[in-house]
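Open the model in a viewer and keep the sequence panel visible. The stops below are meant to be selected in order.

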Amino acid sequence: MDSVSVPGRVNLIGEHIDYHSLAVLPMAIGRAIRVCFRARPDGAIRVASAGAYGVREFQWTAGLTPAAAGDWENYLRAAAEAVGRKWGVGAGIEASVESDLPSAAGLSSSSALLVAIALCLLRANGIAASFEELMEILPDGEQFVGTRGGGMDHAAVLASRQGCASLIEFDPLSVRPIAIPADWAFLVAHSLEHAEKSGGLRAEYNARRTAGASALEKLGLGSYRKVDNPLALARRLDAGLERDSFLHVATEARRVREAAAALERGDAAQFGSLLSDSHASLRDRLRVSCAALDRLVEAAMESGAMGARLTGAGFGGCIVAFCRTAELPALESGLITRYYQDRPGFVREDHLIRADASPGALAGSSVPTGLS
Ligand code: GLA
């Protein structure tokens, strides 16, 4: 038996902009999906989940079609289809999956599963794919599941480095590790509202992407990187989601640059305030927050966080709160008193996660990662 481990990720800042090819700043975390597998010469892909998700099996052929909407088999099929399109259909796998990464939480468990299965199929067929090749097939592969996402998750879970955030650029693709100061800490807190990427969230997510793209088109610009004065440009758009999405995307891109610079010079106050500004923009302009996420962000700030924001696609899932390492216990207990105490279903180890910047799946492998 061989095995592959792919971590989850938390996005520190740069939300809903990767699909406009703008830089983002996530990091991989110390929770992962682990897949043990062996090659199957008959071309079948059979994957058993250690949790409640059961077993899925299908024949790996060219031109796979999706399984029932919302079924996790779609991530297996998406991985097989993506690998098959580039390298051809090969040997299947017999695999078992275990995970300590909560699902539907904005921590990228679905992309981690897709990446893990793709890596298993490649390894089972003796193919050494580079980071660039993987990035060519994986983000598009996920569109098979219906979400027209960007490449942030795949890049972060593949190429992150221990102790570092990853400044990911898409055009051209590069990943620059930026060390996180030892006294900075990140806490991921679940709102207890589930954000199922393959469910209703899909249409909402895709609508934001379309609104941001059509705003750009109306302004006659080919790229958000050409936007220098967002407020002046936005006046040329009608009021509504399109204009607000445009303003979110353009200002968030600037916040990512400023946050990367603040991280590099260890400016915690500035970094924290950019995180909070990002949340306000996601709430008021892009409108991807919800009452639970807003309350959780507030509770984090009341409990001593230096900044907090929803992380991932939004509409539920998690927030990321930033504080000094010494303040972490107070932040955790503050969130329990202010947020979780009266809410049923809270399980500390699943819903309050200290996020330690961890290596991505390719770290330590001989495969070139495209790190600059
Ligand atoms: C999801 C997508 C990512 C990204 C985020 C929002 O997690 O998979 O590509 O677009 O939403 O920033």
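The tour goes from the ligand to the strands, then to a covered helix and some single residues.

This is a predicted model, in which local features need pLDDT of at least 70 and side-chain atom pairs count only at pLDDT 80 or more, while totals for chains, interfaces and linings use all residues. Residues are numbered from 1 along each chain as its sequence is written, and side-chain values use heavy atoms, with hydrogens and water left out.

**Stop 1: the ligand**

Select the ligand and the residues near it, where near means that a heavy atom of the residue lies within 4 Å. There are 12 residues around the ligand, and E15, H16, D18, D153 and Y205 come nearest. By class, the shell holds five charged, four nonpolar and three polar residues. In this scheme Asp, Glu, Lys and Arg are charged; Ala, Val, Leu, Ile, Met, Phe, Trp, Tyr, Cys and Pro are nonpolar; the others, Gly among them, are polar.

Now show distances from the ligand's oxygen atoms. One is 2.5 Å from a polar side-chain atom of D18. The side chain of E15 has an N or O atom 2.6 Å from a ligand oxygen. At G150 the partner is a polar backbone atom, with a ligand oxygen 3.0 Å away. The ligand taken alone exposes 310 Å², of which the protein buries 97%. Accessible areas come from the Shrake-Rupley method with a 1.4 Å probe; for residues, only the protein chains shown count as cover.

**Stop 2: the loop between β1 and β2**

Stay on H16, which lies in the loop between β1 and β2. Helices and strands here are DSSP runs numbered from the N terminus (helices: H or I, at least four residues; strands: E, at least two). H16 has a positive phi of about 60 degrees although it is not a glycine. S21 lies in the loop between β1 and β2, and its phi is also positive, near 60 degrees.

Is each of these two residues buried or partly exposed? H16 is buried, with a relative accessible area of 3%, whereas S21 is partly exposed at 34%. The cut-offs are under 20% relative accessible area for buried, over 50% for exposed, and in between for partly exposed (1.4 Å probe, protein chains only).

**Stop 3: strand pairs**

Select β2 and strand β5 (residues 92-99), which pair in the antiparallel sense over eight bridges. Two strands count as paired if DSSP finds at least two bridges between them. V35 stands opposite V97 in β5. Then add strand β3 (residues 44-49), which runs parallel to β5 and is joined to it by five bridges. R46 stands opposite E94 in β5.

Next, go to strand β6 (residues 164-170) and strand β7 (residues 173-179), an antiparallel pair with seven bridges. The bridge partner of A165 is I178 in β7. A hairpin of two residues joins β6 to β7. P172 is placed in this loop, and a cis peptide bond with omega of about 5 degrees joins D171 and P172.

**Stop 4: helix α4**

Select helix α4 (residues 152-159), where eight of eight residues are buried. Among them are M152, D153 and H154. The elements that cover the buried residues include β1 (2-13), β2 (25-40), α2 (109-124), α3 (131-142), β6 and β7.

**Stop 5: single residues**

Move to S245 in helix α7 (residues 241-264). S245 is buried, with a relative accessible area of 0%. Not counting residues up to four places away in sequence, S245 touches R208, A211, G212, R285 and L286; contact means heavy atoms within 4.5 Å.

Which side chains make polar contacts with E332? R348 does so at 3.0 Å, and R354 at 2.6 Å. A polar contact is a pair of N or O atoms within 3.5 Å; within protein, one must be able to donate a hydrogen and the other to accept it, and residues adjacent in sequence count only if both atoms are side-chain atoms. E332 is placed in helix α10 and is buried, with a relative accessible area of 5%. Beyond four places in sequence, E332 touches L187, R348, L352 and R354.

Finish at A326, in the loop between β10 (318-324) and α10 (328-340). A326 counts as exposed, at 69% relative accessibility. A326 and D183 are 143 residues apart in sequence and 7.4 Å apart in space, C-alpha to C-alpha.
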